[in-house]
Number of protein chains: 2
Amino acid sequence: MTNVFDDPRITAVGLLYEVHAGLSARFAAQLDEQGLSVVEFEVLTRLARSPGNQLRMTDLAAQTSLSTSGVTRVVDRMERDGLLTRRACPSDRRSSFAVVTAVGMQRLDETLPGHLRIIEQWFTGQLDPQALAALLDGLRRVRDAVHPCATAGSTDTAPEDEIQATDDSARL
Amino acid sequence: MTNVFDDPRITAVGLLYEVHAGLSARFAAQLDEQGLSVVEFEVLTRLARSPGNQLRMTDLAAQTSLSTSGVTRVVDRMERDGLLTRRACPSDRRSSFAVVTAVGMQRLDETLPGHLRIIEQWFTGQLDPQALAALLDGLRRVRDAVHPCATAGSTDTAPEDEIQATDDSARL
DNA sequence: GCCCAACGACTGCCTGAGCAACTATAGCCA
DNA sequence: TGGCTATAGTTGCTCAGGCAGTCGTTGGGC
């Protein structure tokens with residue numbers, strides 16, 4: 001067992017991945033009970049936190065882990081299920097908005113408390129405030145370095161992004 | 001912006017996810033240059049760190065994020081590409097081992113240094129040792145709680161579990 | 001005003017992965 | 001020994017999502 005795989009760097013990544021996988025599984029299980037996938041939940045939250053409960057398709061893609069075609073399809077499904085609708089953009093006929101419907105908002109309201117409870121139970125509640133703060137501080141610094149701006153993966157270099165003042169601290 | 005989405009719990013999960021996504025994108029980009037997917041790399045490392053550079057299909061599935069059918073298919077592809085082979089299990093004719101070939105080991109050797117460099121560059125190297133230790137400690141505690149059951153138990157703090165003689169200390 | 005490059009959304013095609021069904025083997029128990 | 005159940009691996013089916021190509025729209029240069 002003297003191999004390179006005990007390298008602390010590998011271990012560090014392994015931990016991060018295991019935590020991610022573990023939490024994701026919990027989230028998926030809970031969301032599934034509400035008839036939502038993880039992606040749909042993310043779409044719903046991104047829209048719900050935006051002015052007018054809406055975003056242009058492209059902006060939605062930029063805020064999620066999806067490509068624009070992925071967004072098209074997820075919005076298709078969610079529109080079919082009544083969770084949101086498309087609305088034409090008055091100022092640019094190429095664009096359209098995805099807007100959360102009343103049903104969608106209600107579904108989100110039903111889902112959020114349980115979601116927060118699970119986060120509390122399995123993540124934030126596992127650590128005392130100081131340890132949690134240290135963890136989040138570390139994550140934040142790595143996040144800032146790795147610059148998740150290019151979530152879509154179009155260009156992973158993305159040296160500079162436009163207005164990140166918008167909601168740096170608020171991003172999910 | 002007075003909505004629930006600024007809840008620190010949401011923010012915490014958001015950070016974790018952004019870090020995960022950011023690192024994954026870097027890894028994928030680097031591995032892609034070597035003609036490996038993230039999953040294939042994981043399979044290769046899991047096997048390479050196991051005794052005899054081999055694991056039974058089921059054990060491999062348990063150690064990765066894949067289902068058994070997923071493992072079947074990854075191993076199909078990697079066998080086709082010459083990175084590994086199947087070997088019959090002498091003691092149980094239902095089982096078969098996936099074994100890393102010389103080509104597979106070589107590919108891994110070519111890939112690992114760059115991989116470690118990227119981890120260092122974007123993750124561990126972003127923090128001073130103390131902050132990194134705090135981060136990892138927090139992650140470890142959450143990991144232990146969320147218990148990624150599939151890959152359960154490690155030397156860390158694991159109270160005690162049954163038979164993980166397979167390769168307990170080897171997990172990522 | 002006209003042209004053309006850039007852009008937003010959508011679609012065809014393909015890959016990767018999970019679930020469930022299936023086959024073969026193992027091990028138990030009467 | 002014969003049968004029953006559990007297990008290992010594979011395969012059919014389905015679906016989500018990415019890439020690249022398409023279509024309509026926009027806006028800048030002339």
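This passage goes through the fold of one chain, the sheet of the other, the way the two copies are related and the surface near a DNA strand.

The model is a predicted one, so local features need pLDDT of at least 70 and side-chain atom pairs count only at pLDDT 80 or more, while totals for chains, interfaces and linings use all residues. Residues are numbered from 1 along each chain as its sequence is written, with chains lettered from A and ligands numbered from 1 in the order in which they are written.

Chain A has six helices and three strands (DSSP runs numbered from the N terminus: H or I of at least four residues for helices, E of at least two for strands). Along the sequence they come as α-α-β-α-α-β-β-α-α. Of its 172 residues, 34% are buried, meaning that 20 or more other C-beta atoms, placed from the backbone, lie within 10 Å of the residue's own. Among the contacts in chain A with a separation of 6 or more, 47% join residues 24 or more positions apart; a contact here is a pair of C-beta atoms, placed from the backbone, within 7 Å.

In chain B, three strands make an open antiparallel sheet in the order 1-3-2, where pairing takes at least two DSSP bridges between two strands. Strand 1 (54-56) and strand 2 (84-88) of chain B sit at the edges, each paired on one side only. Neighbouring strands are turned by 30 degrees on average, direction ignored (axes are lines fitted to C-alpha atoms, for helices over the stretch in contact, with angles from 0 to 180 degrees between N-to-C directions). Five bridges hold the antiparallel pair of strand 2 and strand 3 (residues 96-100) of chain B, and Ala88(B) has Ser96(B) as its bridge partner. Helix 4 (residues 68-80) of chain B packs on this sheet, touching strands 2 and 3, at about 115 degrees to the direction of strand 2.

As for the two copies, chain B lands on chain A after a rotation of 180 degrees with 0.1 Å of shift along the axis, at an RMSD of 0.1 Å (least squares on C-alpha atoms of residues with pLDDT of at least 70 in both). That is how a two-fold axis relates copies. Both use the same surface, as 91% of the contact residues of chain B recur in chain A.

Around DNA strand C there are 21 residues, with Met57(A), Thr58(A), Ser69(A), Gly70(B) and Arg93(B) coming nearest; "near" means a C-beta atom, placed from the backbone, within 6 Å. Helix 4 of chain B gives the most to this surface, four residues.

Definitions and conventions
Two residues are in contact if their C-beta atoms, placed from the backbone, lie within 7 Å. A residue is buried if 20 or more other C-beta atoms lie within 10 Å of its own, exposed if 12 or fewer, and partly exposed in between; C-beta atoms are placed from the backbone.
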